[in-house]
Amino acid sequence: MGPDLLIPPIFSPIQPEIHPAHAEIDVQTAAWAETFRIGSEELRGRLVRQDIGTFAARILPSAGQASVSLLADFVFWLFGVDDGHCEEGELGQRPGELAGALSRLLRVAQNPDAPMLLDDPLAAGLRDLRYRVCSHGTAGQAARWVDSLREYFLSVVWEASHRRSGTVPDLNDYTLMRLYSGATSVVFPMLEMGGGYELQPYERDHTPVRAIGEMASFIITWDNDIFSHHKERNGLNYYVNALRVLEEQGHSTDQALRIAISQRDRVMCLFMRLSSALARQGSPQLRQYLDSLACFIRGAQDWGISSLRYSSPECPAGNPSAFCDVPTDARHEPLGIAAVDWWWELLPSSEGRLSPEMAVQGA
């Protein structure tokens, strides 16, 4: 089956980077997944071929190898949950049962010593990940990692409700839930761990800093929806994808693609402008965090167009082989999506600085 949609080169002003030990990390992650028996044998075999270690190596190009391996193993585990339980498994259309299964896993993440799911491979893998998160990060970072995992679990239960009913969400709800269903926010504490820094609460919880994390999530997940469109459209339960949501509004697939690219381009432009403003007045740790978010965005892009997860010789997608330097849409106006339009209030469109009331205090 050939590609059903040709994706043009996507705007990316961020330079690519990769950890020099990426090939070794791929091998280590495959061995970790085999040790804990993550997913079925068939699913595990597919995931091993998707260069997940290289994905993590692009996100954390300058981190210690142990930190990159932790992220790679966690991403593999997430795909084991997402593919095995949610998208392809029976629980993916049973939101009530899925909520119960994920809540039990969440308890393992909260307290890995709890005597629960002792014979469950996903729980065993999660226990190992939690112990390693505690050794690599602070207590606060570990707590945020668990809290973000809860957000991800809640969002995939929401997705399961649409699969069960055979419905497509509206654009506002989809945009809001996609900030969590891509599991991007669960990676954010690992960016800090890998970089050897920790944001202080006055910066992490400040509105523009929260917003720029959400912008990164939007860009990563919109790109993912674009690059995974071929795989999802030709699979089962094609209900929760940005292009599918736009098609439900009456747009053709080609029109939906153009709109989705325009949306992510405008958010990318805002991300770059807000990042520059925050970097000028923030702490060294905040500047590291902003750089980490940029690496995450570009790493997801490079992996998205090259991984066998979304395109293979047997079922090729029409994804681009390179990126471009010019956005298709650089307007400063909001997208017309209530859940995220407030992002544009943080930075006046005519100036590269934060408004006084949004400036980071305490830096």
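**Group meeting: a walk through the helices**

Hi everyone, let's start at Asp51, which counts as partly exposed because its relative accessibility is 33%. Please keep in mind throughout that this is a predicted model. Asp51 sits in the loop between helix 2 and helix 3, the latter running over residues 52-59. Have a look at its backbone: Asp51 is not a glycine, yet its phi is positive, at about 55°.

Now step back to the loop between helix 1 (22-36) and helix 2 (41-48), where you will find Arg37. Arg37 also has a positive phi of about 55° without being a glycine. As for its surroundings, Arg37 is partly exposed, with a relative accessibility of 40%.

On to a buried serine. Ser69 belongs to helix 4, residues 65-87. Its relative accessible area is 8%, so Ser69 counts as buried. Which side chain does Ser69 meet in a polar contact of 2.8 Å? The partner is Gln28, side chain to side chain. If we set aside residues up to four places away in sequence, Ser69 touches Ile25, Gln28, Thr29 and Arg132.

Next, a helix pair. Two packed helices are described by the angle between their axes and the distance between the axes. For helix 6 (residues 121-136) and helix 7 (residues 139-165), the axes come within 9 Å and cross at roughly 145°. On the helix 6 side, the contact is made by Leu126, Leu129, Arg130, Val133 and Cys134. Helix 7 brings in Ala142, Trp145, Val146 and Leu149. How do these residues divide into nonpolar, polar and charged? Eight are nonpolar, none is polar and one is charged.

Cys134 from that contact leads me to the cysteines. With a relative accessibility of 39%, Cys134 is partly exposed. How many disulfides does a search of the whole structure find? The result is zero. Take Cys324, for instance: the nearest cysteine sulfur belongs to Cys269 and is 10 Å away. A disulfide would need the two sulfur atoms within 2.5 Å, so Cys324 is in no disulfide. Cys324 is partly exposed too, with a relative accessible area of 22%.

Let's turn to helix 9, which covers residues 184-195. It has 12 residues and reaches 17 Å from its first C-alpha to its last, close to the 16 Å expected at 1.5 Å a residue. Is helix 9 largely enclosed or largely exposed? Of its 12 residues, 11 are buried, so helix 9 is largely enclosed by the rest of the structure. Among the buried ones are Val186, Val187, Phe188, Pro189 and Met190, and the polar-looking end of the list includes Thr184 and Ser185. Glu192 of helix 9 is buried as well. Just after the helix comes Gly196, with a positive phi near 70°.

My last stop is Ser262, in helix 14, residues 253-281. Ser262 is buried, because its relative accessible area is 15%. Apart from neighbours within four places in sequence, Ser262 is in contact with Thr328, Asp329 and Arg331. And how far is Ser262 from Asp113 in sequence and in space? They are 149 residues apart in sequence, and their C-alpha atoms are 47 Å apart.

That's my tour; thanks for listening, and I'm happy to go back to any of these spots on the screen.

Note on methods:
Residues numbered from 1 in each chain as written. Predicted model: local features only at pLDDT ≥ 70, side-chain atom pairs only at ≥ 80, totals over all residues. Heavy atoms only, no water. Helix = DSSP H or I, 4+ residues; strand = E, 2+ residues; numbered from the N terminus. Buried < 20%, exposed > 50% of the residue type's maximum accessible area, 1.4 Å probe, protein only. Polar contact = N/O pair within 3.5 Å; in protein donor to acceptor, adjacent residues only side chain to side chain. Contact = heavy atoms within 4.5 Å. Axes fitted to C-alpha atoms, helices over the stretch in contact; angles between N-to-C directions. Nonpolar A, V, L, I, M, F, W, Y, C, P; charged D, E, K, R; others polar. Expected span 1.5 Å × (residues − 1).
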